[in-house]
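Colleague: Could you take me through this model? I would like to begin with the overall make-up and then turn to one helix.

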Amino acid sequence: MKRIKWIFVLLLALVTALYWVSLTEIERTLTPWALRKSVLYYTGIMSFVAMTVGVILAMRLRTVEHWVGGLDKHYRLHKWLGISAALFALAHWLSKKYKWLIELGLFDRQDFSTPKGTVGFFQHNNFFKPLENLAEDLGEWALYALLLLAVLALWKKFPYRYFFKTHRVLALIYLILAFHTLVLFGKIAWLTPIGILVSALLVVGIPAALVSLFKQIGASHRASGVISLIRLHEDGKVTEIEVTLTTPWEGHKEGQFAFVTFDRREGHHPFTLSSSWKDDARLTFHIKQLGDYTRTLSHALHVGDPVTVEGPYGKFDFAADAGPQIWIAGGIGITPFLSRLEALAQSPKQASQPITLFYSARDSDHALIESVKNLTQQAGVPLHLSISGRHSALTAQTIRENVPDLIDRTVWFCGSSGFGTAIKRGLSKEGLPSRRFHQELFEMR
């Protein structure tokens, strides 16, 4: 989480610094015309940069995912940039509506006119002057669409299948705003540091938007298959789905997830892989019935139905951590650990380090609980079970009492964000360094 915060802050700081050094001395003054023009250009550039980086992140490039620290954090950064792009675009639009200041008698019209003979970043002459009016009109309508889609994306009750479809329209909006930027950027401005950055982003952002528009994101990481098993764990309301692949799959590590498409009209959803990869073309998912869509899976899907799987993604790579570990799972958060337990059950020697599993579950999840008990016994992993209604709630103090060498271990958590926050805060008080606590941010919108 700290990494993406730093990336976000440094990106905004870098663009701000490049913009400032690109201005001439007279353009850095606080006179009405310079201030209004500076706000106009600055907010427009910031909106374009934020949206471009967001479009690039939407490509789900493996190199970028690795650099950011996982696709979960990748999407969190994408969300922050999307919100920033919308807010900067709104500020850019408002800076164009300055005439009310004149109507109120606060300023004269000439106060906002660029002094004659001024040469610099705010120079209006450009290579596409005949297209300026068209670019301004398209940019304004694209802004309205951007703000509407930003609100819909943040509205949790907006159905995912519609969010998925409307979100793709953002690629078209980006292309319109790229045209707006290209046409209205001043001729002199292209030769400045910020102009060079904007040029580079146009070269990268436009192809990325086209890839999204033509539904080719992640195309090289897709595999096709059919549903070979559906098992409903009635009490726990968990649907277990096994997929047999019919096209090549690169394999996955325990703890990773994939985007799964059961219905093209619905689009893909991220689900954690609960089976280890045994090179047998089989993938298993345990899907909790949480939303409208996941509640329908048990009766909407049938054995033999086609499936598309894209991935694998994620850096929840506790399997690669050679040090002593603590696993903490809340409810369906047990799924990434199931895949690792399965691998360890087949070859216990894989885990040379001590591992302790804490599993907080509902009493109704008895089928899943029994499966976890069997796997931990076969894998030789100590299990501490906390069943709601029967046992005390799992707390950091409970973990500390059962694991004396807590501060020397790495903690891997998967569960609800509120539960994770409480456990992390408690373990920090017990002396665990925050860098030793790993948690995925499973919010893709």
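Modeller: Certainly. This is a predicted model. The protein chain contains 13 helices and 11 strands.

Colleague: What box do the C-alpha atoms fill along the principal axes?

Modeller: The C-alpha atoms of the protein chain occupy a box of roughly 80 × 50 × 40 Å.

Colleague: And how many of the residues count as buried?

Modeller: The protein chain has 445 residues, and 48% of them count as buried. Its exposed surface is about 21800 Å², with carbon and sulfur atoms supplying 60% of that area.

Colleague: What share of the contacts is between residues 24 or more positions apart?

Modeller: Among contacts with a separation of 6 or more, such pairs account for 76%.

Colleague: Changing topic to charge: how many positive and negative side chains are there?

Modeller: There are 48 positive and 36 negative side chains, and the centres of the two sets lie 4 Å apart.

Colleague: Now α10, please. What does the helix reach from its first C-alpha to its last?

Modeller: Helix α10 covers residues 335-346, 12 residues in total, and reaches 17 Å, close to the 16 Å expected at 1.5 Å a residue.

Colleague: Is α10 enclosed by the rest of the structure or not, and why?

Modeller: Helix α10 is largely enclosed, because 10 of its 12 residues are buried. Among them are Phe337, Leu338, Leu341 and Leu344, and also Arg340.

Colleague: Which elements do those buried residues pack against?

Modeller: The buried residues of α10 pack against the strands β4 (269-272), β5 (282-288), β7 (325-330), β8 (355-362) and β10 (410-414), and against helix α11 (366-379).

Methods: Residues numbered from 1 in each chain as written. Predicted model: local features only at pLDDT ≥ 70, side-chain atom pairs only at ≥ 80, totals over all residues. Heavy atoms only, no water. Helix = DSSP H or I, 4+ residues; strand = E, 2+ residues; numbered from the N terminus. Buried < 20%, exposed > 50% of the residue type's maximum accessible area, 1.4 Å probe, protein only. Contact = heavy atoms within 4.5 Å. Areas by Shrake-Rupley, 256 points an atom, 1.4 Å probe, with all protein chains shown as cover. Lys, Arg positive; Asp, Glu negative; His and termini not counted. Charge placed at Lys NZ, Arg CZ, Asp CG, Glu CD. Expected span 1.5 Å × (residues − 1).
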